[in-house]
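Student: I have a structure open in front of me and would like to be led through it step by step. Could you define each term as we reach it?

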Amino acid sequence: MDKFTKIETIRPPSHLDLIKGALYLFLQEKLLNGNRELLLPNFVDGYELLYTVKKSNNASRLAIGVYTKGGRKFFVKFWNGRIKDLTYYFLVHEYLVTRLLSKRFNSKDSNVRTSEIIGAYENSRWLLVIFDFIEGVTLEKLSLVEKAKYWNNARIALQKVSKLLSQEEGKIIGSRGLLFYSMVLSILLPVILILSKGSRRTIFKAWLQNLKRIGSLSRTDLVLAHRDLMPNNIILGEDSRVYIVDWDNARITLPDYDFANLRVFINQKELLDLLSYKFNERAVSFLKSYIATYQTLGSGEFGNFNKEYLRALKY
């Protein structure tokens, strides 16, 4: 393995980078059937591997491990490949956003915080990002009442940080407004209609429904959203503070995105009822439909579109 070099700065990915990265990832998954061997180095610049970690989101395409150095533990994410794909750019985005938001979240008096970036290294085929290790438990292991309480604390903290972000910081995080969603729906679904062997009627109805819903939304201020604010990405630390981790999907987008996303992927009605608050019903309705459409199509299971789409909209 080539020697790792510490990185001082990383260039944010351009729109062209993301498009090329998505294409490379698509071809890679088709050629390898999603099977990539993710091997972790035992040592990197004095960091020694303790154990590996498996994640179920975008990070599942990364090699992840807990390392130790100088008696401390660190959480490390690795990308490995010959060509920079979308997973690489997600990791770059997470590095940039976590570094930026840690300055906003981690004030002395804050009860909701985020992980800190320790550093990043690269060589010809690897990129690795080192985070501080947070001792605690994820919300998955807590009671429904506790899950609702701490999830809501995280949501409120995101709203507060949104108001503090400068225009330049917003550009680094990136935005997803009404124009973006309109373009994605207009481009993505017709392509899927051509590729799909079944469920074309349901796909077309979902497309029209989404466009109608987005047309009913008035222009509104965009806010910071984690876009994967699931119980496994929120940690109750041993210091009794709440920590939000895994910022690779974060964007400035429509209000209540995180609530809509939770309603699509969490099938615990009791938890969702506990989380009910004054949200924008039209925005949540549209976002649920958009997220369900995007995720169902992204799975490649076009023949099961009707079943998966309706399941995602259940709550």
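Tutor: Two strands are said to pair if DSSP finds at least two bridges between them, while helices (H or I, at least four residues) and strands (E, at least two) are DSSP runs numbered from the N terminus. The model is a predicted one, in which local features need pLDDT of at least 70 and side-chain atom pairs count only at pLDDT 80 or more, whereas totals for chains, interfaces and linings use all residues. Residues are numbered from 1 along each chain as its sequence is written, and side-chain values use heavy atoms, with hydrogens and water left out.

Student: In β12, which residue is the bridge partner of Thr 138?

Tutor: Strand β9 covers residues 136-138 and runs antiparallel to β12, with three bridges joining the two. Within β12, which spans residues 234-237, the bridge partner of Thr 138 is Ile 235.

Student: What is the order of the strands in the open sheet of four strands?

Tutor: On its other side, β12 is joined by three bridges to the antiparallel strand β13 (residues 242-244). Three further bridges join β13 to β6, and these two strands run parallel. The pairing in the sheet is therefore described as mixed, and the order is β6-β13-β12-β9.

Student: Why is one side of β6 and one side of β9 left without a neighbour in the sheet?

Tutor: Strands of a sheet pair through backbone hydrogen bonds, either parallel or antiparallel. Neighbouring strands of this sheet are turned by 35° against each other on average, direction ignored, where the axes are lines fitted to C-alpha atoms, for helices over the stretch in contact, and angles in general run from 0 to 180 degrees between N-to-C directions. The free sides arise because β6 (112-114) and β9 stand at the edges, each with a single partner strand.

Student: Which residue in the turn of the β12 and β13 hairpin has a positive phi?

Tutor: The two strands form a hairpin with four residues between them, and one of the bridge pairs across it joins Ile 234 to Ile 244 in β13. In the turn, the residue with a positive phi, of about 70°, is Ser 240.

Student: Are the residues that point either way from β12 buried or exposed?

Tutor: Buried means under 20% relative accessible area, exposed means over 50%, and partly exposed lies in between, with a 1.4 Å probe and protein chains only. Ile 234 and Leu 236 point one way from the strand, Ile 235 and Gly 237 point the other way, and all are buried.

Student: Which helix gives the most to the largest nonpolar core?

Tutor: A nonpolar core is a set of buried Ala, Val, Leu, Ile, Met, Phe, Trp, Tyr and Cys residues joined through side-chain atoms within 4.5 Å. The largest has 51 residues, and those with the most contacts inside it are Leu 101, Phe 105 and Phe 286. With seven residues, the helix that gives the most to this core is α3 (residues 144-162).

Student: How many residues are in the other core, which lies apart from it?

Tutor: Its members include Tyr 89, Leu 91, Leu 127 and Phe 131. The size of this separate core is 18 residues.

Student: How many residues of helix α7 are buried?

Tutor: Helix α7 (residues 257-265) is mostly covered, and among its buried residues are Tyr 257, Asp 258, Phe 259 and Arg 263. Of its nine residues, the number buried is eight.

Student: How far apart in sequence are the parts tied together by Lys 77 and Asp 246?

Tutor: A salt bridge is a side-chain nitrogen of Lys or Arg within 4 Å of a carboxyl oxygen of Asp or Glu, and Lys 77 forms one with Asp 246, the closest N and O atoms being 2.8 Å apart. Lys 77 lies in strand β5 and Asp 246 in the loop between β13 and β14 (251-253), so the pair ties together parts separated in sequence by 169 residues.

Student: Is Lys 77 buried or exposed?

Tutor: Its partner Asp 246 counts as buried because its relative accessibility is 5%. Lys 77 has a relative accessibility of 1%, so Lys 77 likewise counts as buried.

Student: Which residue forms a salt bridge with Arg 104?

Tutor: Arg 104 lies in helix α2 and is tied to a residue in helix α4 (residues 167-173). The closest N and O atoms are 3.0 Å apart, and the partner is Glu 169.
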